[in-house]
Amino acid sequence: PHPLDPLAADEATRVAGAVRAHATESDLLFSSICLKEPSKASLEAHRQGDPLVRAARAVVRDGPHGATV
């Protein structure tokens, strides 16, 4: 895959699991989970077949309180 490809379903699931594992509230609402784009330097250095280190952004709301966390 290319470093700018959207997150795959399994990646989004892992992100949601990591957020839930560190959350104090159990009733979380995920508004979005998306790729955090890599820096231009890391894109230029990437070569096909290199391992990918990917990061994600999650917009999460605390369900009962409506606060964005």
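## Exercises on salt bridges, a helix and a sheet

Aspartate 10 and arginine 14 lie four residues apart in helix 1 (residues 9-22), so about one helical turn separates them. Keep this pair in mind, as it returns in the first exercise. Helices (H or I, at least four residues) and strands (E, at least two) are DSSP runs, numbered from the N terminus. The model is predicted, so local features need pLDDT of at least 70 and side-chain atom pairs count only at pLDDT 80 or more, while totals for chains, interfaces and linings use all residues. Residues are numbered from 1 along each chain as its sequence is written, and side-chain values use heavy atoms, with hydrogens and water left out.

**Exercise 1. Find the salt bridges and describe the partners in each.**

Step 1. Start with the rule: a salt bridge is a side-chain nitrogen of Lys or Arg within 4 Å of a carboxyl oxygen of Asp or Glu. Applied here, the rule gives two salt bridges. As background, side chains of opposite charge can pair when their charged atoms come close.

Step 2. Take the pair from the opening. Aspartate 10 and arginine 14 join their side chains in a salt bridge, at 3.1 Å from N to O. A helix suits this kind of reasoning: an α-helix has 3.6 residues a turn, so residues three or four places apart point the same way.

Step 3. Check how open each partner is, where buried means under 20% relative accessible area, exposed over 50%, and partly exposed in between (1.4 Å probe, protein chains only). Aspartate 10 is partly exposed at 45%, and arginine 14 is exposed at 54%.

Step 4. Now the second bridge: arginine 54 and glutamate 11 meet through their side chains at 2.9 Å, N to O. This pair ties together distant parts of the chain, 43 residues apart, with arginine 54 in the loop between helix 2 (40-45) and strand 2 (55-62) and glutamate 11 in helix 1. Arginine 54 is partly exposed at 23%, whereas glutamate 11 is buried at 18%.

Step 5. Look around glutamate 11. Leaving out neighbours within four places in sequence, glutamate 11 is in contact (heavy atoms within 4.5 Å) with Pro6 and Arg54.

**Exercise 2. Work out which residues of helix 1 are buried, and how they are arranged.**

Step 1. Begin with the length. Helix 1 has 14 residues and spans 20 Å from first to last C-alpha, close to the 20 Å expected at 1.5 Å a residue. The expected span is 1.5 Å times one less than the number of residues.

Step 2. List the buried residues of helix 1: Glu11, Val15 and Ala16. These residues cover an arc of only 135 degrees around the axis, which means that they sit on the same side of helix 1. The arc is that of the directions from the helix axis to the C-beta atoms.

Step 3. Turn to the face pointing away from the buried side, where the exposed residues Ala9, Thr13, Arg14 and Ala21 are carried.

Step 4. Finally, ask what lies over the buried residues: the cover includes strand 1 and strand 2.

**Exercise 3. Put the sheet together, strand by strand.**

Step 1. Get the order. Three strands make an open sheet in the order 1-2-3, with antiparallel pairing. Strand 1 and strand 3 are at the edges, each with a single partner strand, so one side of each has no neighbour in the sheet.

Step 2. Count the bridges; two strands pair if DSSP finds at least two between them. Strand 1 (residues 28-36) pairs with strand 2 over eight bridges, and strand 2 pairs with strand 3 (residues 67-68) over two.

Step 3. Match residues across the strands. Serine 32 has valine 59 in strand 2 as its bridge partner, cysteine 34 stands opposite arginine 57 in strand 2, and arginine 61 stands opposite threonine 68 in strand 3.

Step 4. Zoom in on serine 32 in strand 1. Not counting residues up to four places away in sequence, serine 32 touches Arg57, Ala58 and Val59. Serine 32 is partly exposed, at 28%.

Step 5. Inspect the hairpin of strand 2 and strand 3: four residues lie between the strands, and glycine 66 takes a positive phi near 75 degrees.

**Exercise 4. Judge how confident the prediction is.**

Step 1. Use pLDDT, the predictor's confidence in each residue from 0 to 100. The protein has a mean pLDDT of 90, and 99% of its residues reach 70 or more.

Step 2. Compare elements: confidence is highest in helix 1, at a mean of 95, and lowest in strand 3, at 72.
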